[in-house]
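Me: Please take a close look at one part of this model, the helices and the charged and nonpolar side chains on them. Then follow the chain outward to the loops.

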Amino acid sequence: MRRLYLLITLLLFAGSALSQRVTDLYKVADEFDFAVERDGKVIGTQHAICNGWQTNGTDSILVFEMETKTVYARGGKTIDLDVVCEVGYLPTGLPKTYQYSLNLLGAEVKHTGEFTDLSYSGRTIRMGVTQPVMYKTRRHAILFDNNFAMQWEVAVRPVIRLGVGDSVVAETVIPQLNQAMVFTVHSLPDEIVTYEGKQISTRTFRVDPANQILYLDGDGRLLKAYDPTQKITIRRLATGEKAEIASESWFAVFWKRLPIYGLLAAFAAIWLLSLAYRDVKRPDIAVMIVAGAVLYWLSLQLLTPLQNAYFQMVLDPKSASSNFYIVVLGSAFLFAFVEELTKFVCVFLRSLLKMGHNLRLGIALGAACGAGFALMQAANLLAFTPSGGAALPADLVQRFFSIGLNTTTGALIGLLIMTRWPWAFYLIPIGLKTLLNWLAYFMQKGAMRPSTYSLLTLVFTAVALTALYLFYRRAQAVKVSGRGEKSRQVF
């Protein structure tokens, strides 16, 4: 199978209407509508309009405004996700300017960015935190953001004459995911799609790893997109056709997700029992589990002003940092510090009551707090499919080990509080969490595979368990030695 490695070369191919500038195929005030469907029900709508030509420096760009409304399920609750974006395309069809705003649960995310021949740079305001974004590319990247079928149509249109069985590789930016990735577009055999009551032969393409199969007609219009992982279809609406979103109750969404929530709870129970099986029936263990879960959400509120202050201090507001990996390492440390601080506060407050130097109880209380914290974190961060399953089943493996790491670092903090060892020992759980948080950034950028990240999470968990075991043995030895010294003094 022949492979074409430069998307830009396809733009040089001549052929009928596609020999025109891509953006000449859209006219001012043109409107486009799509329905997002799952299991025969409409769960979202998309609308796009061509706003015409504008000037951007020395460039002329064709501007599109796109809007999507989708039923979005999170935490067992059905809500609406509204996203609006504006894209400016060069005459070649390559993106030049981009901005979007996203509203979810009263929280707004805003992003603005610009493409050059060798980079994409921008700025994202998320949960009140402003963060510059910079991706260097070997050539002009394409835009393939979530929720916008019109972006996909423009991005893939130049390859419509790709031979069946051939493929093309393109550098891609997905601002909504804060990722730059390499996409591969595979040309599949033609298929028949029903549109406006007619059977239309379409060119079919699979886009990896976006999990999208795209169906374009002879004019390059995207008639349908299908996500085989989430089983979601995006269908182009005929002129005058309308689509209404079907909504689901809170109970219906929660019930669909209950097996996954139960699985995450089982993960937390396994780790808690492995570290605190002798004390798991104590009432204060249950209190610590609840406290850890509640403090997870409170820690998110504390992180917002801390992250804002940090980025304002270390980043030049007029340009992206040339050492952004180091900047992200500092951000990862702040996250780890706050996360481990919540566990410390829980166990420390409990230690103010009568506990003596009960090492085993300290480990149990810390593990309980860590398990509650980890369970809420995993449930909040895990991506779900509309049917209630895990969007990436392999992600559950990483969640199992991340719950284990949080539970183990909580147990380690509980042990350190009981032994009253110097503060430097607390750098071990904080350091492990910092490295794990930092490596997540590489995975988001596509520089690390999820399977590698899961393996590293396992390694960090093993290191934390080893440290816990060694410290416990040392603390036990010191405790026994102290008892022996007191006995000798008596005699």
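Reply: What follows starts with one helix, moves through its neighbours in sequence, and ends in the loops. The model is a predicted one.

Helix α5 covers residues 324-351, and Leu349 is part of it. With a relative accessibility of 52%, Leu349 counts as exposed, because the cut-off for that class is over 50%. Leu349 also belongs to a nonpolar surface patch of about 620 Å², together with Phe333, Phe337, Leu341, Val345, Phe348 and Leu352.

Helix α5 also holds a charged pair, Lys343 and Glu340, placed three residues apart, or about one turn of the helix. Their side chains form a salt bridge with an N to O distance of 3.0 Å. Lys343 has a relative accessibility of 1% and so counts as buried. Glu340, at 2%, is likewise classed as buried. The pair is part of a network in which salt bridges with shared partners link Glu339, Glu340, Lys343 and Lys433. Side chains of opposite charge can pair when their charged atoms come close.

Arg350 brings in helix α4. Its partner, Asp284, sits in α4, which spans residues 283-314. A polar contact of 3.0 Å joins the side chain of Asp284 to the side chain of Arg350. Asp284 has a relative accessible area of 13%, which means that it is buried, the limit being under 20%. Leaving aside residues up to four places away in sequence, Asp284 touches Arg350 and Leu365.

Next comes helix α6, residues 359-381. From its first C-alpha to its last, α6 reaches 32 Å, close to the 33 Å expected for its 23 residues at 1.5 Å a residue. Of those 23 residues, 19 are buried, so α6 is largely enclosed by the rest of the structure. Its N-terminal end is capped by Asn358, which places a side-chain oxygen 3.3 Å from the backbone nitrogen of Arg360.

Further along, a loop joins α7 (395-419) to α8 (427-444), and Arg420 lies in that loop. Arg420 has a positive phi of about 55 degrees, although it is not a glycine. Its relative accessible area is 59%, so Arg420 is exposed. Most residues other than glycine have a negative phi, and most peptide bonds are trans.

A second residue of this kind is found among the strands. Glu196, not a glycine either, has a positive phi of about 55 degrees. Glu196 is in the loop between β12 (179-195) and β13. With a relative accessible area of 45%, Glu196 is partly exposed.

At the other end of β13 there is a cis peptide bond, from Asp208 to Pro209, with omega near 0 degrees. Pro209 belongs to the loop between β13 (198-208) and β14 (212-216). Asp208 also makes a salt bridge with Arg206, side chain to side chain, at 2.9 Å from N to O. Asp208 is partly exposed at a relative accessible area of 24%, and Arg206 is partly exposed at 30%.

One more charged pair is Asp217 with Arg221, whose side chains form a salt bridge of 2.7 Å, N to O. Here Asp217 is buried, with a relative accessible area of 4%, whereas Arg221 is partly exposed at 28%. The count of salt bridges in the model comes to 20.

How values were computed. Residues are numbered from 1 along each chain as its sequence is written. This is a predicted model: local features need pLDDT of at least 70, side-chain atom pairs count only at pLDDT 80 or more; totals for chains, interfaces and linings use all residues. Side-chain values use heavy atoms; hydrogens and water are left out. Helices (H or I, at least four residues) and strands (E, at least two) are DSSP runs, numbered from the N terminus. The expected span of a helix is 1.5 Å times one less than its number of residues. Buried means under 20% relative accessible area, exposed over 50%, partly exposed in between (1.4 Å probe, protein chains only). A polar contact is a pair of N or O atoms within 3.5 Å; within protein, one must be able to donate a hydrogen and the other to accept it, and residues adjacent in sequence count only if both atoms are side-chain atoms. Patches are made of residues with over 30% relative accessible area and no salt bridge: like charges are joined within 9 Å, nonpolar side chains (Val, Leu, Ile, Met, Phe, Trp, Tyr) within 5 Å. Accessible areas come from the Shrake-Rupley method with a 1.4 Å probe; for residues, only the protein chains shown count as cover. A salt bridge is a side-chain nitrogen of Lys or Arg within 4 Å of a carboxyl oxygen of Asp or Glu. Contact means heavy atoms within 4.5 Å.
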